[in-house]
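Grab your viewer and work through a few exercises. Try each task on your own before reading the solution below it.

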2 protein chains.
Amino acid sequence: MIPTTYAVARIEADPTLPIIRITRDFAATPAQLHRAHTDPELFARWVGPRSLQTRIEEWDARTGGCWRYVASREGVEFGFHGTFHEIRPDRIVQTFTFDGDPDGVALETLRFEDLGDGRTRLHAQSLVDSFEGRDAWLRSGMESGINEGYDTLAELMTDGAL
Amino acid sequence: MIPTTYAVARIEADPTLPIIRITRDFAATPAQLHRAHTDPELFARWVGPRSLQTRIEEWDARTGGCWRYVASREGVEFGFHGTFHEIRPDRIVQTFTFDGDPDGVALETLRFEDLGDGRTRLHAQSLVDSFEGRDAWLRSGMESGINEGYDTLAELMTDGAL
């Protein structure tokens, strides 16, 4: 039996909860993947579609801290902000709002599952308060941004940047 | 037709989402109700069951801030903590974790609806990531704590403490 691997992100909608789940494997330790999500300079290098540049405006990666970044392309800017509800070695819980939808809030949970041999499975869960809001995210073209971001992160790992 | 009023909190489970909704009317302005939820000394005076004393340990009531308080009775302590994702005049979005269930996180949204004549309707929504978690909260006896807390808050308003 061949074990399941997620070399490309699996993105799925929960059938009964307003949740998007993303699963992706990386050739990195949990500590490296944790650093990729908490070190602002590293995070800015990989997050989002390749065509966007990320500028960190606020970043206090501790339980109870907050964050804000702006993604831009040719002068068009997209801002995002939230709080770090909790940061543990194996789990990060944070809130997420896109400035363009200021009433929308997602509660995101990231888990870093150690697969051994220097490999880690990222489990990212995004919870919102309506199925309409969740499905609008799924239709927004988020897959390409997510996949390009994670591919860039995998390249940073290969290049030894983490 | 007699308009609906919520002199006692209505507490209801959403039929299709892992959400608890609480509705309660107060003889106060939206600004007073906002202050009751953001001023730490006021908040400590009303939140929770009457038999518990509340001690604020951390309180930074701004968008991106965090909070922590401990409720105690005869030496037994219950800690709670979270972040303020957003604080606006008519809406507060915050996260909530009970130390006794450290993996559980609720995303809470409070809205202050101005009913006119110095009356305001509080709409509190609590979103979690499973129906089991939501229903465990409903079975925990939360109603008495919520009703006693809001009754105390209403008394503070009558006494002119806000």
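The exercises below go from whole chain to sheet to single residues, and the model they use is a predicted one.

**Exercise 1. Work out the layout of chain A and decide how compact the chain is.**

Step 1: start with the inventory. Chain A has four helices and eight strands, and along the sequence they come in the pattern β-β-α-α-β-β-β-β-β-β-α-α.

Step 2: compare with the globule rule. The radius of gyration of chain A is 15 Å, close to the 15 Å the rule gives for 162 residues, so the chain is as compact as a globular protein of that length.

Step 3: add the extents and the burial. The C-alpha trace of chain A spans about 45 × 35 × 30 Å along its principal axes. Of the 162 residues, 49% count as buried. The exposed surface of chain A comes to about 7,900 Å², with 50% of it supplied by carbon and sulfur atoms.

Step 4: check the sequence range of the contacts. Among contacts in chain A with a separation of 6 or more, 43% link residues 24 or more positions apart.

**Exercise 2. Trace the open sheet of chain B and find out which strands are its edges.**

Step 1: write down the strand order. The eight strands run E1-E2-E8-E7-E6-E5-E4-E3 in chain B, with antiparallel pairing.

Step 2: read off the ends. Strands E1 (10-13) and E3 (53-59) of chain B are the edges, each pairing on one side only. On average, neighbouring strands of this sheet are turned by 20 degrees against each other, direction ignored.

Step 3: zoom in on one pair. E7 (residues 106-116) and E8 (residues 119-127) of chain B are antiparallel partners over nine bridges. In that pairing, Leu110(B) has Ala124(B) in E8(B) as its bridge partner.

Step 4: lay the helices on the sheet. Helix H1 (residues 30-38) of chain B packs on the sheet and touches several strands, including E2, E5 and E7 of chain B, with its direction at about 155 degrees to that of E7(B). Helix H4 (residues 142-158) of chain B lies across E1, E2 and E8 of chain B, at about 25 degrees to E2(B).

**Exercise 3. Is His81(A) buried or exposed, and which residues does His81(A) touch?**

Step 1: place the residue. His81(A) sits in strand E5 (residues 76-88) of chain A.

Step 2: apply the cut-off. Buried means under 20% relative accessible area. His81(A) has 16%, so the residue is buried.

Step 3: list the surroundings. Leaving out residues up to four places away in sequence, His81(A) touches Trp67(A), Arg68(A), Thr95(A), Phe96(A), Thr97(A), Asp99(A) and, from chain B, His85(B). With Asp99(A) there is also a side-chain polar contact of 3.3 Å.

**Exercise 4. What is the sign of phi at Glu74(A), and what about Glu74(B)?**

Step 1: recall the background. Most residues other than glycine have a negative phi.

Step 2: look at the values. Glu74(A) has a positive phi of about 50 degrees, though it is not a glycine. For Glu74(B), phi is likewise positive, near 50 degrees.

Step 3: locate both. Glu74(A) is in the loop between E4 (66-73) and E5 of chain A, and Glu74(B) is in the loop between E4 (66-73) and E5 of chain B.

Step 4: check accessibility. The cut-off for exposed is over 50%. Glu74(A) counts as exposed at 81%, and Glu74(B) is exposed at 81%.

Technical notes: Residues numbered from 1 in each chain as written. Chains lettered and ligands numbered in written order. Predicted model: local features only at pLDDT ≥ 70, side-chain atom pairs only at ≥ 80, totals over all residues. Heavy atoms only, no water. Pairing = 2+ DSSP bridges. Helix = DSSP H or I, 4+ residues; strand = E, 2+ residues; numbered from the N terminus. Axes fitted to C-alpha atoms, helices over the stretch in contact; angles between N-to-C directions. Contact = heavy atoms within 4.5 Å. Rg over C-alpha atoms; globule rule 2.2 N^0.38 Å. Buried < 20%, exposed > 50% of the residue type's maximum accessible area, 1.4 Å probe, protein only. Areas by Shrake-Rupley, 256 points an atom, 1.4 Å probe, with all protein chains shown as cover. Polar contact = N/O pair within 3.5 Å; in protein donor to acceptor, adjacent residues only side chain to side chain.
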